[in-house]
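Please open the model in the viewer and keep the selection panel at hand. The tour below proceeds by selections, one stop at a time.

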Amino acid sequence: MLLPPDADREDIENYSRALGLNEPLWKQYFIFVQNILQGDLGYSFYHEVPALGLVLERMPATLELAATALILAILMGVPLGIYAGLHPNSRFSKVIMGLSIFGVSIPNFWQGVMLILIFSVSLHWLPSTGRGEVGVFLGIHSSIFTLDGISHLILPSLNLSIFYAALLLRLTRANVMEVALLDYIKFAHAKGLSRSRVIFIHILKNVGIPLITVIGLEFGSLIAFSVITETIFSWPGMGKLIIDSIFLLDRPVIVSYLIIVAVLFSLINLVVDLLYSVLDPRISVGTAE
Amino acid sequence: MNLPPNKSPFQQTMLLFLESKTAIVGLIILTIMFGAGLLAPLLSPQDPYDLAKIDIRDGRLPPGSMKQGEAPKQILKLELKLPKDIAQKPLVEKITMKEQDFLSDLQISLNQIGSDRTYRIKFGENPDFKLGEIAEVRLRRLPKGAKVSVGEKNKFRREWKLQFNHLEHLAFTIPNELKEKHKIEIVIIGARRDQLFTFWLGSDDQGRDMLSAILHGVRISLIVAASSVLIACFFGSIAGLSAAYFGGIVSILVMRLIDLKLSFPSILIAMILLAILGKGIGNVVLAIVLAQWPLYARLVRGVALSEASKEYVEAAKSLGLGSSRIMFRHIMPNCAAPLIVLATLQVASAITLEATLSFLGLGLPVTEPSLGSLIANGFEYLLSGHPWISILPGFVLLLTVIGINFVGDQLRDILNPRLQR
C-alpha cells in the first residue's frame with residue numbers, strides 16, 4: 001500500500017525499520033503511547049507531515065461549519081418549537097410537526113445530494129463544493145468574513161443543521177407543552193403579566209436547561225456528522241480528511257483525528273456541565289454540602 | 001377512549017394503534033417495503049447481481065427506456081460457381097430466406113455487372129420488404145484480392161462492414177485467376193431487436209435496471225437492519241438484565257462500557273470499525289450492533305431495576321427459582337413493551353446508518369448494492385444530467401425510514417404506561 005508493488009525485499013525491510021514495524025507489538029504500542037504523551041502522533045504516511053498538525057490545520061473549517069449549523073438549528077428549531085408547544089392544536093403546528101418528522105427521517109447524505117441538485121444544479125444559486133474565499137478578521141481565518149465564503153457555507157451548514165433543527169424543535173415543543181401547564185405559569189398569567197414576559201422569562205428559563213444540555217451534546221455529534229456533509233460538499237475539514245485517510249490507510253491521521261475528537265467531546269461535556277450549574281442553581285458542581 | 005371489554009389485549013392494542021392516521025400510513029408503507037424486499041427476486045425484471053445480464057451499453061438510460069435484446073443475426077453461405085468464360089454466361093444467383101429465418105421475406109440476388117468479375121448484391125427485390133429492417137451487413141470470406149465498393153474493411157480479417165444506407169451500392173470485384181468454386185458468407189444483422197423489458201426507473205451507470213436494483217437494495221437494507229437490531233437487542237438486553245440483576249462489578253462494567261460508547265457518536269464508531277475490518281455485509285452488521293447495543297442495555301437495565309424491587313420478583317426468589325429463570329421468565333417480559341418501541345425506532349436508524357456507511361464507501365460492495373451505495377453511485381452522475389440514479393433510491397430510503405418512524409411513534413404512545421389512557 002505504501003510501497004510500489006515491485007519493491008524488493010531490502011526496500012521493504014528498510015521501510016518497515018523506518019516505521020518501527022520490526023519491533024515486537026508491545027514495544028510498538030509502548031513507543032506509541034510514549035510519543036502521544038509527548039504530543040507526537042507520528043507522521044502521515046501519505047502527506048509526510050506531522051499527523052496532528054494536519055488534523056489541527058483542518059479543524060477550523062469543521063468548527064466553522066458545525067458552529068454555523070448549530071446556530072442555524074437553534075434559530076430554526078427553538079422558535080418553531082415554542083410556537084408548536086404553545087399552540088399544539090393549530091394547523092401551523094401540525095405542519096411544523098410533519099416537517100420535523102421529515103427532518104428527522106431524511107438521511108443526511110441524501111438530503112445533501114438533493115440540496116445540491118436543487119440549489120446548485122437546477123437553480124444555480126449557490127456553489128456546491130469547496131470553502132470559497134477565506135477572509136481574516138481579528139486573526140481568525142473563516143469563510144464567514146467574505147461574501148463568497150458565505151455563499152459556499154450556506155448549503156453545507158443548512159444540510160448539517162436540518163436534522164438538529166428538527167430534533168431541537170421536537171424537544172422544545174415537548175418541554176414547552178409540559179411547562180405551560182404547570183401552576184406557576186397559570187399564576188404568572190393570573191398576576192397579569194404580559195404574554196411575552198411569561199413566554200420569554202418564565203417558560204423559556206425552565207425549558208432552557210434540558211435544551212442547553214442537548215445543544216451542547218449535539219455540538220459534539222455535529223462535529224462527527226460533519227464527516228458526511230464534508231464528503232458531499234467537498235468541504236476541506238477534518239471529516240473529509242478522515243474519510244480520505246481511511247481510504248489511504250493513513251493510520252497516524254486516523255488516530256490523531258480520533259484523539260482530537262475525543263478531547264473535543266470531553267471539553268464540550270465539561271462546558272455543558274458547568275453551564276448547567278450556572279443555569280440551574282439547584283445543581284452545583286463540587287460543593288456537596 | 002373506552003375499549004370494548006371483550007377483546008384480548010392484543011386486539012385492544014391493535015385498535016389503539018389504528019387510531020392514528022399517520023401510523024396507518026406508516027404501516028402501509030412498511031408493508032409495501034417489506035413485501036418488495038421479500039419478493040425482490042420475483043418482482044424485479046433483471047437480476048442486478050448477475051453481471052452477465054448487465055450490459056454497460058444500457059448505462060444511464062432515463063426512466064421508461066426499453067431494454068433491448070441482442071440484435072438478430074443471420075449468416076448466409078453462398079457458393080460462387082464461376083463459369084470459365086464470363087462473357088458467355090453471366091453469373092446470377094438468387095437466395096430466398098427460409099421460413100424460420102428472422103427476415104423470411106428477404107430476397108437477395110447476385111448479378112454480374114459488365115464483363116469483368118464484378119457482382120452486385122441486391123437486397124429486397126420484392127416490393128413489400130423495407131431495407132430499414134436490416135441494420136448492418138458484413139461480407140466475409142471473400143477471395144484474396146477481392147475489392148468491395150462501399151463499407152469499411154476490418155483491419156485484421158478480410159471482412160467488410162456496411163450500414164444499411166449503403167446497401168444499394170454494394171458490389172464486389174474478384175480477381176480473374178480464381179478457382180471455379182468459392183464460398184462467401186453474408187452476415188445480416190437485423191434492425192429490429194427484441195424488447196426485453198422496460199427500465200421503468202431508468203438504469204445506472206453499469207446498465208443495471210434501477211427498479212430491480214432498488215428492490216434488491218430495499219431487501220439488503222432491511223436484512224442488514226433487521227438482523228443487526230435483533231442481535232443488538234439480544235446482547236444488549238442480556239447485558240442490561242445482568243447488570244440490573246447482579247449489580248456490583250457486573251453493573252459497573254456494563255455501565256462504563258455503555259458510557260464509553262454513548263459519549264461517541266455511532267457513525268464514528270461504525271466508520272472506524274469498518275475502516276479496520278474492511279467492507280462486507282457481516283462487518284456492517286457487526287458495526288451497527290456495536291453502535292446500538294448500549295441503548296438496549298441501558299433501557300433494559302433501567303426497567304429491570306425498577307421491576308427487580310417489586311414483590312413478584314421477591315416471591316419468585318423465595319420460591320427458590322434460579323436467577324436465569326427469574327431474569328428471563330419474570331423480569332424480561334415486563335421489559336418487552338419499551339424494548340419493542342426502541343427496537344422499532346432503531347430499525348430506522350440502522351437503515352440510515354448502513355446507508356450512510358455505504359454512501360461513504362465503507363459499507364456494502366458495489367456488486368451488491370444497498371440503497372446507500374445506489375445513491376452513492378448516482379451522486380457521481382448528479383451533475384451530468386442523470387439525477388434519477390441518485391434521487392429514486394434515496395426517495396425509497398426516505399419513505400422506509402418515515403414509515404418506521406410513524407409506526408414507532410404510535411407504538412411508543414400506546415405502549416408507554418405513563419400515557420395510558
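Two residues are in contact when heavy atoms of theirs lie within 4.5 Å. With that cut-off in mind, note that the model on display is a predicted one.

**Chain A as a whole**

Begin by selecting chain A, which has 10 helices and 2 strands. Followed from the N terminus, its elements run α-α-α-α-α-β-β-α-α-α-α-α. Of its 289 residues, 40% count as buried. Among contacts in chain A with a separation of 6 or more, 70% are between residues 24 or more positions apart.

**Helix α9 of chain A**

Next, select residues 238-248 of chain A, which form helix α9. Its buried residues are A:Met238, A:Gly239, A:Leu241, A:Ile242, A:Ile243, A:Ser245 and A:Ile246. Against which elements do the buried residues of α9(A) pack? Within chain A, they pack against α3 (51-86), α8 (195-233) and α10 (251-279), and α6 of chain B joins these partners. Just after α9(A), select A:Leu249, where phi is positive at about 55°.

**The interface of the two chains**

Now display chain B together with chain A. Here 32 residues of chain B are in contact with 30 residues of chain A. The size of an interface is often given as the accessible area lost when the parts come together. For chain B and chain A the buried area is about 2700 Å², and carbon and sulfur atoms give 87% of it.

How many salt bridges cross the interface of chain B and chain A? The rule finds 1. To see a salt bridge, select A:Arg170 and B:Asp409, whose closest N and O atoms are 3.4 Å apart. Polar contacts between chain B and chain A number 3 residue pairs, with both residues at pLDDT 80 or more.

On the side of chain B that touches chain A, at least two residues each come from α6 (266-277), α9 (323-359), α10 (371-379) and α11 (388-415) of chain B. Colour α11(B) separately: its 11 residues make up the largest share of that side. By type, the residues of this side divide into 23 nonpolar, 8 polar and 1 charged.

**Aromatic rings**

Over all chains, the structure holds 6 aromatic pairs. Select A:Phe163 and A:Tyr164: the ring centres are 5.1 Å apart and the planes stand at 85°, so the pair is edge-to-face. A:Phe163 is partly exposed, with a relative accessible area of 26%, whereas A:Tyr164 is buried at 4%. Move on to B:Phe234 and B:Phe235, whose rings also form an edge-to-face pair because their planes are at 80°, with the centres 5.2 Å apart. Finally for this stop, select A:Phe109, B:Phe359 and B:Phe379, which form one aromatic cluster.

**Two buried residues of chain B**

Select B:Gln112 in strand β4 (residues 107-113) of chain B. Is B:Gln112 buried or exposed? It counts as buried, since its relative accessibility is 13% and the cut-off for buried is under 20%. Add B:Phe172 to the selection: it lies 60 residues from B:Gln112 along the chain, and the C-alpha atoms of the two are separated by 9.7 Å.

The last selection is B:Ser212, in helix α4 (residues 210-246) of chain B. B:Ser212 is buried, with a relative accessible area of 0%. Which residues is B:Ser212 in contact with, leaving aside neighbours within four places in sequence? They are B:Ser44, B:Pro45, B:Gln46 and B:Pro48.

Conventions: Residues numbered from 1 in each chain as written. Chains lettered and ligands numbered in written order. Predicted model: local features only at pLDDT ≥ 70, side-chain atom pairs only at ≥ 80, totals over all residues. Heavy atoms only, no water. Buried area = accessible area lost by both parts, 1.4 Å probe. Salt bridge = Lys/Arg side-chain N within 4 Å of Asp/Glu carboxyl O. Polar contact = N/O pair within 3.5 Å; in protein donor to acceptor, adjacent residues only side chain to side chain. Helix = DSSP H or I, 4+ residues; strand = E, 2+ residues; numbered from the N terminus. Nonpolar A, V, L, I, M, F, W, Y, C, P; charged D, E, K, R; others polar. Phe/Tyr/Trp six-rings, centres within 6.5 Å; stacked < 30°, edge-to-face > 60°. Buried < 20%, exposed > 50% of the residue type's maximum accessible area, 1.4 Å probe, protein only.
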